[in-house]
Amino acid sequence: MKITSMRENLRESHMLRDYLEKYPRSRAHMLREQLRNPAITYEPMRNYLDLAYIGIISIGTPPQEFKVVLDTGSSYLWVPSIYCSSPACARHKVFNPLRSSTFLVSGRPVNVAYGSGEMSGFLAYDTVKIGDLTVAAQAFGLSLEEPGTFMEYAVFDGILGLGYPDLSLQGILPVFDNLWMQGLIPQNLFAFYLSSKDEKGSMLMLGGVDPSYYSGDLHWVPVSKPSYWQFALDSISMNGIVIACEGGCQAIMDTGTSLLTGPGNSILNIQHLIGAEASSDGEYVLKCDTINTLPDIVFTINGVTYPVPASAYIRKEHSHKCYSNFEEGTNDSSDSEMWVLGDVFLRLYFTVFDRGNNRIGLAPAV
């Protein structure tokens, strides 16, 4: 379902500037340099500030419900536990192992570093229900400590990763892999339909594709590196002129990122071209009437063009201010030309994540 983003919550309570000063996006780089601890799984690309979609799952017997980010850019599942002492946990649903007859503890510590803090806890196993599918003995993390403000203002309790096992903790199968291995789904794929307007209507399909959610044919794109859902992007253009990713670059299809993110210099060039100017809290603001006059920005992938209109790359907030949906990435990967296509793109294009054939399918969403 669609929710109010953390950025809007913080902006409305006049805390956004403080938050952005405390957790600048560049902090992800610092975290990596300082910590570099093999026992920690790094997730510096996760910036859940603008996140607008969550799903409801349950864990344990009898089931305990949680709101989770369905995130193709990470690969494991974690939720808060009753043993968590952080203020963030007091504001969220917490899992109580004592109430579940199917709970198994592993005792293995789990640490996950995000761009804005760390989640530390321990690994456990239990029954996980997603939709009407029930996975037995799914490994998941239970938090003992959660990063400061980052989770305190989050509308979700935890995160369910849908990336490749490569991104997961060593030897731990992600939820989707277990759905397939345990014979619970007919096809080794899942798909996302993200609705633009309604709270309801967004859909994660597991093990099949419903063609009524898209028009035309699916165009397939090979996964170039199976960890994130990574692929080759041919170019990004405006009015027929290439404005970024000249000669091709790598990109990630990511439901856990809300905006369109890319390398700093390319993003600055795009902000300049669309007339967006930096505001005091580091967001890029533009005149709302430009939504009707600015041209599409076109992403070419595997020879097929995917236009993103101004009505998608500009967001109008309740305050009647308009913001650019392009943002500099917090990329730590060796490939600094990496782009991340988040929900702004995924609302326009129905997306199939095909694990069986290591490919991504795209078609205009209905």
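**Exercise 1.** In this predicted model, decide whether phenylalanine 95 counts as buried or exposed.

*Solution.* Begin with the cut-off, by which a residue is buried when its relative accessible area is under 20%. The value computed for phenylalanine 95 is 0% relative accessibility, and therefore this residue counts as buried. Apply the step again to phenylalanine 66, whose relative accessible area of 2% makes this residue buried too.

**Exercise 2.** Determine which kind of aromatic pair the rings of phenylalanine 66 and phenylalanine 95 form, and where in the chain the two residues lie.

*Solution.* A pair of aromatic rings is described by the distance of the centres and the angle of the planes. For the rings of phenylalanine 66 and phenylalanine 95, the centres are 6.3 Å apart, and a pair requires centres within 6.5 Å. Their planes stand at 45°, which is neither under 30 degrees (stacked) nor over 60 (edge-to-face), so the pair is tilted. Now locate the partners: phenylalanine 66 belongs to strand 3 (residues 64-71), while phenylalanine 95 lies in the loop between helix 4 (87-90) and strand 5 (104-114), so that the pair links distant parts of the chain, 29 residues apart. The structure holds 18 aromatic pairs.

**Exercise 3.** Find where valine 94 is placed, and state which nonpolar surface patch includes Val94.

*Solution.* Valine 94 is found in the loop between helix 4 and strand 5. With a relative accessible area of 30%, valine 94 is partly exposed, because that class runs between the cut-offs of 20% and 50%. Finally, Val94 joins Ile82, Tyr83, Leu98 and Leu144 in making a nonpolar surface patch of about 440 Å².

How values were computed: Residues numbered from 1 in each chain as written. Predicted model: local features only at pLDDT ≥ 70, side-chain atom pairs only at ≥ 80, totals over all residues. Heavy atoms only, no water. Phe/Tyr/Trp six-rings, centres within 6.5 Å; stacked < 30°, edge-to-face > 60°. Helix = DSSP H or I, 4+ residues; strand = E, 2+ residues; numbered from the N terminus. Buried < 20%, exposed > 50% of the residue type's maximum accessible area, 1.4 Å probe, protein only. Patch = residues over 30% accessible without salt bridge, like charges linked within 9 Å, V, L, I, M, F, W, Y side chains within 5 Å. Areas by Shrake-Rupley, 256 points an atom, 1.4 Å probe, with all protein chains shown as cover. Salt bridge = Lys/Arg side-chain N within 4 Å of Asp/Glu carboxyl O.
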